[in-house]
Amino acid sequence: MASKRWLLLCLLLPLPFFAVPSNTGRGIRLELTHVDARGSLAGADRVRRAAERSHRRVNGLLAAATAPSAPTLRSDDGGGGPVTAAAAVHASTATYLVDLAIGTPPLALTAVLDTGSDLIWTQCDAPCRRCFPQPAPLYAPARSATYANLSCGSKLCEALPSPRSSRCSAPEPGCAYYYSYGDGSSTDGVLATDAFTFSAAATVHGLAFGCGTDNLGGTDNSSGLVGMGRGPLSLVSQLGVTRFSYCFTPFNDTTTSSPLFLGSSARLSPAAKSTPFLLNPAGPRRSSYYYLSLEGITIGDTLLPIDPAVFQLTASGRGGIIIDSGTTFTALEERAFVVLARAVAARVARPLASGAHLGLSLCFAAPEGRGPDAVGVPRLVLHFDGGDMELPRASVVVEDKVAGVACLGVVSARGMSVLGSMQQQNMHFLYDIERDLLSFEPAKCSDL
């Protein structure tokens, strides 16, 4: 069934053309850097920022997933009105960045890697009416020999997340779009194509992206966003790769890059465990996320008394749990978080301490004269349909050596749950799009 869906997509959407060096026959490898590697925050300030980002991110994901219907859109009818859509994420909640280049000659820039959305976009000097500060020069379409606008009636324009209207028939002035994000940031421009170069691994011609000329907000030390979601405009969908994988290095290591593998280079060992991706029953508008089936949580040797329905998608498309690259700390639906927090507190033989300065709610004081690494925390196991994921201490506990506290690196949420990047660290995850499977196994990511 998955192969049939891909064949249909191939017939409907023009695929970009690859110019790939011969030494990349095993696929493409890219290096991801943590957003804080290019900033000045450290220690408690960095943890607090990550917690704040996680809360904003989950709220944005939830807002998009629980919208009562697809957004109201205006398609070009000769008057140049933009196609509008509520985007699935907050633009300023980035966690991992990828280096790439756009155009001919190529302009180097850095973009947010985001598994929670689809659109690829960057700020454009065409000219730019409003642009937020970014570390790289603005991309100027007029300076690229391979830039081309997409018409309003093109298949890729029709792939925008919208109920398309027959008014979208005029070939000019092009495929205008407007994406608004839950934190007040937005990007407004035209959908176009150009050549994208990903490190020295490959150049892709004809990749569709949003050329934003009226943008508000920011994208955390970057110049745009690369969507890796399940929709037709994401990078993985446009490239036609059937699998990709990544392995995030530890949260407290901002200097070591994390590998991202596209295509045949995305491989795990036969010992890897797998769990199926779920589709949101509310329809394609909400199916861009990578939903999982979480059946329960164990602390120590005890399966927690959490109603399995807490993690299940409802018939209306609400709830559920997704895996996400942009949320740092795992967010559990409030009913599950309360049970988890009480179980952890009952098993840690240390007094409670304030974690307000970190943005975390469950913290313990370190023993007198010793550091927070002396705080013993029971093992945590996530029971997914098809395989258990046991998290090591480093993926569960956040330490503040200055304050002498150890905190649970999980936050509470209302409406849905999200498996965050801290709990994904030193775990190799493979997204098998063709088979609708997520596979995973422990790994030392810096050695891959």
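At 29% relative accessibility, Cys 131 counts as partly exposed; that label covers everything between buried (under 20% relative accessible area) and exposed (over 50%), using a 1.4 Å probe and protein chains only. Keep in mind that this is a predicted model: local features need pLDDT of at least 70, side-chain atom pairs count only at pLDDT 80 or more, and totals for chains, interfaces and linings use all residues. Residues are numbered from 1 along each chain as its sequence is written, and side-chain values use heavy atoms, with hydrogens and water left out.

**Disulfides**

Cys 131 has a partner, Cys 128, in a disulfide, meaning a pair of cysteine sulfur atoms within 2.5 Å. By that rule the count comes to 5 disulfides, including the three below.

| Pair | S–S distance | Torsion about S-S | Hand |
|---|---|---|---|
| Cys 124 and Cys 211 | 2.1 Å | -135 degrees | left-handed |
| Cys 128 and Cys 131 | 1.7 Å | about 105 degrees | right-handed |
| Cys 363 and Cys 407 | 1.9 Å | about 105 degrees | right-handed |

Take Cys 363 and Cys 407, joined as a disulfide. This pair ties together distant parts of the chain, 44 residues apart, with Cys 363 in strand S21 and Cys 407 in strand S25. Strands (E, at least two residues) and helices (H or I, at least four) are DSSP runs, numbered from the N terminus. Cys 363 is buried at a relative accessible area of 1%, and Cys 407 is buried at 1% as well.

Then there's the disulfide of Cys 124 and Cys 211. It also bridges distant parts of the chain, 87 residues apart: Cys 124 sits in the loop between S6 (121–123) and S7 (148–149), while Cys 211 belongs to strand S10 (residues 202–216). Both Cys 124 and Cys 211 are buried.

**Helix H5**

Strands S21 and S25 turn up again around helix H5: they are among the strands that its buried residues pack against, with contact meaning heavy atoms within 4.5 Å. The others are S16 (294–299), S19 (330–333), S22 (380–384) and S26 (410–413).

H5 itself covers residues 334–347, 14 in number, and reaches 20 Å from first C-alpha to last, close to the 20 Å expected at 1.5 Å a residue (1.5 Å times one less than the number of residues). Its buried residues are Ala 336, Phe 337, Leu 340, Ala 341, Ala 343 and Val 344. Seen down the axis, they fall within an arc of 165 degrees, so they line one face of the helix; the arc is that of the directions from the helix axis to the C-beta atoms. The face turned away from that buried side carries exposed Arg 335, Arg 342 and Ala 346.
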